[in-house]
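This report describes the contact between two chains and the salt bridges of a model. The sequence and structure are shown first.

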Amino acid sequence: MDSQAIATHPEHAHGEHEHPPYLRHHFATVEQQRETASFGMWLFLLTEIMFFGGMFAAYLIYRNWYYPAFVAGSHQLSILLGTVNTAVLICSSFTMAMGVYSAEMKRKGALVMWLLLTILLGTVFLGIKADEYHEKWEKHHVPGLNFSANDFVNGSKGYPDDKLAPDMAQKSQVYFSLYFAMTGMHALHMIIGISILIVLVIRARQGAYTEGHMTTIENFGLYWHFVDIVWIFLFPLLYLISRHQ
Amino acid sequence: MSAPNEPASDHVHTIVSPTVYAVIFGLLLLCTALTVGASYLEMGIFNPIVALGIAVFKAVIVVLFFMHVKYSSKLTKLTVAAGFFTFIVLITMTLTDYLSRAWGRW
């Protein structure tokens, strides 16, 4: 089927030009080209699910093993900042979805505006995250670099009852290691996403997606929403579920 | 494949409207408020269950509407479903292993 498509295609491509210029020669139709790109993007996202999934599995197992240390560690996170960041990220997913819609509608100005808003919200998320990391540093909760189990042996401000045996208190390092690994990997994905978005804005201003095809915007949208989904799970697991123990 | 303009599949590309996006956006914010509120309630072992339940619901509506899977071809739907199924199998097997090795010794 494919070889026939390739064989029959050049006549149309170089003859009458009855297909859009962005249709590659090895695809029969624009729809097939779009479908193929989307399929490839989803396969990439599945590898990403497995990548983050490994860290989620580690988190679940260690939380089970060193439960008191994980509860005490979780108490040190700010629910307010976590909630604000979740809202910011959901807003950025919405602006990205509207960007995809603008590209479909071939509205260049709107597309550029929604992409810029997505960059802004993504940057705000990273800013709040950086502030949280800074607080961890000041409280000596950074394993390997600047860590003290004091808050977990003697109790801490707001949680005076978090008094663990010294060996269990040390295990809060496992919690913070996973916290930094998971939120750090998530933040790295955000940084990569924002870098790609900057390129997309430049190309969108040149009309690349509103005159050509918008599969790139659509597939980047998939990536951005995936990063949002990772956070949707990180937020309750790291911040919320140990509130009461 | 006779004519190049013949559709490659039975699937017709759908453009999702801003209204749908806005409704999903509102639902996601509502669920975020719900999950934060629920974390302040004393529910024992149900705290993580409720939190993860809400997270799964949020993830599903993001996948279906923001990521267009509801409007996608059968190939895309199958790919996504196979991916999540494999992920759940791997997580279940791993956790089953860790749980059963120390059986009776916790």
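Buried means under 20% relative accessible area, exposed over 50%, and partly exposed in between (1.4 Å probe, protein chains only). The model is predicted: local features need pLDDT of at least 70 and side-chain atom pairs pLDDT 80 or more, whereas totals for chains, interfaces and linings use all residues. Residues are numbered from 1 along each chain as its sequence is written, chains are lettered from A and ligands numbered from 1 in the order in which they are written, and side-chain values use heavy atoms, without hydrogens and water.

**Interface.** Chain A contributes 56 residues and chain B 55 residues to the contact (heavy atoms within 4.5 Å). The buried area, which is the accessible area (1.4 Å probe) that two parts lose on being put together, summed over both, is about 4800 Å² between chain A and chain B, with 77% from carbon and sulfur atoms. Between these chains there are zero salt bridges, a salt bridge being a side-chain nitrogen of Lys or Arg within 4 Å of a carboxyl oxygen of Asp or Glu.

**Salt bridges.** Over all chains, the structure holds six salt bridges, including the following.

| Pair | Closest N to O distance |
|---|---|
| A:R34 and A:E218 | 2.7 Å |
| A:K139 and A:E135 | 3.5 Å |
| B:D97 and B:R101 | 2.8 Å |

Both A:R34 and A:E218 are buried, and a network of salt bridges links them with A:E31. A:E135 is partly exposed because its relative accessibility is 29%; A:K139, at 26%, is also partly exposed. B:D97 is partly exposed at 31%, while B:R101 is exposed at 62%.
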